[in-house]
Amino acid sequence: MKAALISTAIPWQPPPHHKPLKTLCCSKVNGASSSPSPSSSSSSQIKLQGSENLELPQPRIQSGEAKETDVWRLFREAQKNILHLNQHRLKAVEDLNKTNSEKQLLIDKIEQLELEKQASVGKPQDRLSSCWEVLLRIDSMVLTRMIAAGEASDLRRLVMDHKVSLAEVFDGTLQKTDAELLAELRHFFARSRRNGFHIVHICTEMAPLVSVGSLASYVTGLSRALQRKGHLVEVILPKYSSLDLDEIQGLQEIEAESFSYFNGQLHGNRIWTGVVYGIGVTLIQPLEYSEFFNREKVYGYSDDFERFTYFSRASLDYIVKCGKQPDVIHIHNWETAIIGPLFWDIFAKQGLEGTRILLTCHDLNSQCLEHPDKLALCGLDPSSLHRPDRLQDNTKSHLVNILKGGVVYSNNVVIMSSILSKGRVIHTLSHGLDPTLNIHKNKLVVSPCGFDNSTWDPSKDSFLPRNFNVEDMEGKAVCKAALQQHLGLPEHASTILIGCIVSEDVDLENMRAVIMKASKSDVQFIIMGTSKLSSIHKLGSLQEPLKDEQVKFVNECDAAITHLVFAGSDIILCQSFHDPVLQVPVSSLSLS
């Protein structure tokens with residue numbers, strides 16, 4: 001009965017770890033009847049009595065079960081969260097490793113490209129140098145009568161069409177004999193489609209060998225640009241005693257004399273060949289007229305017409321004897337303008353029918369007027385050329401105008417001018433040539449003066465002690481201090497430093513007055529010439545009256561000091577903004 005009552009009131013089984021109960025008693029709370037009643041079960045409290053009394057309320061037992069369930073639920077949720085976080089961590093580590101791997105690959109690629117870039121800096125020039133070694137050896141073979149002119153022309157075309165492969169095949173050309181080289185050329189011979197023009201400059205200046213005005217940098221810059229576009233360009237120069245031969249790679253004399261016509265007979269010339277900046281260079285040295293180019297200056301002598309007419313005729317004789325068939329003969333200024341009439345009257349039918357003449361004029365003011373009889377020195381007929389439509393001067397009709405002859409006999413004429421149109425050039429800068437230029441204006445082209453930005457880029461200029469640009473001008477101050485220290489000027493950053501470039505036609509009196517007036521203030525002057533030849537006389541006439549610790553003269557005229565003067569000066573004094581000769585304005589805008 002007691003067991004039935006307990007089981008009816010509380011359906012509960014004691015856990016295994018509880019001790020068995022000895023005595024069970026049910027009593028009514030608040031002194032009610034002790035007899036059990038179903039109706040009183042809801043308000044009753046169960047007491048377990050025995051050797052140990054234990055109260056076990058039903059709600060406390062249910063709370064324990066719920067708590068155990070909650071703990072397991074929280075544990076499972078925590079476990080899921082940990083697994084989820086571990087998955088995210090593993091994914092993040094994987095992404096980080098992938099990013100680091102990609103970063104390293106990118107760094108390796110950049111380093112590889114940098115190495116390739118550094119390794120390729122000299123490659124185009126080296127390939128051109130190798131090609132020109134082969135071409136100049138071909139010229140030597142013709143002069144020594146080892147091969148005929150026709151075969152030489154084919155071999156030159158072979159070199160032009162296979163520059164890269166030939167440069168690799170004929171590595172170490174200078175170590176091979178002519179016979180070995182010729183055998184390899186003939187073995188390699190295979191005609192291919194023509195890719196570029198063959199251009200020959202016949203000129204009197206070329207940087208860095210000999211430089212007086214803008215012609216030198218123009219010839220070198222244009223030649224390099226054309227060769228980068230796949231054309232074959234070479235330069236023929238007089239062998240001046242003042243040439244900087246250290247700048248010529250592989251300079252050698254061809255062991256055969258080349259004869260040219262002058263003053264009624266043939267005269268021998270020594271031929272020298274080499275490579276400058278990847279451009280093939282030929283130097284012509286007269287034997288009997290050696291005094292023509294064995295002088296202190298390049299220009300400015302009473303026999304300049306004879307000197308440069310001899311060179312012009314010798315250049316054409318050399319081209320014909322070597323069997324060259326250039327597409328373009330590029331002549332410059334009046335000094336080689338005589339090549340125009342010489343070519344069409346004498347040489348055009350000597351295998352040069354496909355060649356055309358291009359004349360570039362850097363200065364129309366210098367035209368060279370001579371007596372007509374002097375044309376006979378180089379084999380021209382004075383009577384046929386002393387005519388208004390040919391070489392007769394437009395103003396002084398008893399003389400011939402050599403530059404006019406170049407204009408008339410050239411297929412195209414380029415006039416260098418940065419700021420003037422064709423019409424203004426003809427009417428304001430022609431210096432008496434306007435009737436001739438009007439007649440031939442259809443073949444006239446006005447071109448701005450070229451400028452090599454890479455040469456005058458202060459952010460990359462290797463001549464500067466520290467590079468700079470518009471975002472970082474600290475290097476400018478470093479260059480200024482270095483220039484002041486180099487020339488022994490007081491090093492004051494606040495002092496205005498003015499660079500002056502002295503050319504052949506500078507107004508010395510005006511410049512002297514300006515410098516003397518400005519030097520009384522906190523101003524420093526650096527005065528330098530444009531070349532080794534022109535600076536000596538000009539600077540000498542300025543130095544004596546301008547002796548001052550704030551005025552320094554530069555007689556070095558090398559590239560390093562020139563770049564430092566432009567970069568370190570606060571102001572560059574220009575003779576004119578239109579300056580095709582010195583290009584001081586554009587150089588100073590780049591570096592100053």
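Select Ile-527 in strand S16 first: this residue stands opposite Phe-553 in strand S17, where strands are DSSP runs of E with at least two residues, helices are runs of H or I with at least four, and both are numbered from the N terminus. Two strands count as paired if DSSP finds at least two bridges between them. The model is a predicted one, in which local features need pLDDT of at least 70, side-chain atom pairs count only at pLDDT 80 or more, and totals for chains, interfaces and linings use all residues. Residues are numbered from 1 along each chain as its sequence is written, and side-chain values use heavy atoms, with hydrogens and water left out.

**The sheet around S16**

Now widen the selection to residues 523–529, the whole of S16, where seven of the seven residues are buried, buried meaning under 20% relative accessible area, exposed over 50%, and partly exposed in between, with a 1.4 Å probe and protein chains only. In a regular strand the side chains alternate between the two faces of the sheet. Colour Val-523, Phe-525, Ile-527 and Gly-529 to see the residues that point one way from S16, and then Gln-524, Ile-526 and Met-528 for those that point the other way.

On one side, add residues 551–554, which form S17 and run parallel to S16, joined to it by four bridges. Next add residues 496–502, strand S15, which pairs with S16 in the parallel sense over seven bridges; Ile-496 is the residue opposite Val-523 of S16. From S15, move on to S18, paired with S15 in the parallel sense over three bridges, and pick out Cys-500, whose bridge partner in S18 is Leu-573.

With these four strands shown together, the open sheet reads in the order S17-S16-S15-S18, with parallel pairing. Its edge strands are S17 and S18 (571–573), each of which pairs on one side only, and the twist averages 20 degrees from one strand to the next. Select residues 559–568 to bring in helix H18, which lies across S15, S16, S17 and S18 and runs at about 150 degrees to S16; axes here are lines fitted to C-alpha atoms, for helices over the stretch in contact, and angles run from 0 to 180 degrees between N-to-C directions. Contact means heavy atoms within 4.5 Å.

**Helix H15**

Select residues 474–487 for H15, whose 14 residues reach 21 Å from the first C-alpha to the last, close to the 20 Å expected at 1.5 Å a residue; the expected span is 1.5 Å times one less than the number of residues. Within this helix, Gly-475, Lys-476, Cys-479, Lys-480, Leu-483, Gln-484 and Leu-487 are buried. Just after H15, Gly-488 takes a positive phi of about 75 degrees.

**Two buried loop residues**

Go to Ser-410, in the loop between helix H12 (402–409) and strand S13 (412–416), a buried residue with a relative accessible area of 4%. Its side chain reaches the backbone oxygen of Gly-406 at 2.6 Å, and, leaving aside residues up to four places away in sequence, Ser-410 touches Ile-331, Ile-357, Leu-359 and Lys-443.

Then centre on Leu-375, in the loop between strand S11 (369–370) and helix H11 (382–385), which is buried with a relative accessible area of 0%. Residues that Leu-375 touches, not counting those up to four places away in sequence, include Phe-305, Ile-338, Val-400 and Ile-402.

**Backbone details in the loops**

Most residues other than glycine have a negative phi, and most peptide bonds are trans. Select Ala-207 and Pro-208, which are joined by a cis peptide bond with omega about 5 degrees; Pro-208 has its place in the loop between strand S3 (198–202) and helix H7 (214–228). Arg-145, not a glycine, has a positive phi of about 60 degrees, and this residue is exposed, with a relative accessible area of 76%. His-431, also not a glycine, has a positive phi of about 50 degrees and counts as partly exposed at 43% relative accessibility.

**Where to read with care**

Finally, colour the chain by pLDDT, the predictor's confidence in each residue from 0 to 100. The protein chain averages 79, and 74% of the residues score at least 70. Over residues 1–61 the pLDDT is below 50, and it stays under 50 over residues 532–536 as well. Where pLDDT is low, the predicted coordinates should not be read in detail.

Key. A polar contact is a pair of N or O atoms within 3.5 Å; within protein, one must be able to donate a hydrogen and the other to accept it, and residues adjacent in sequence count only if both atoms are side-chain atoms.
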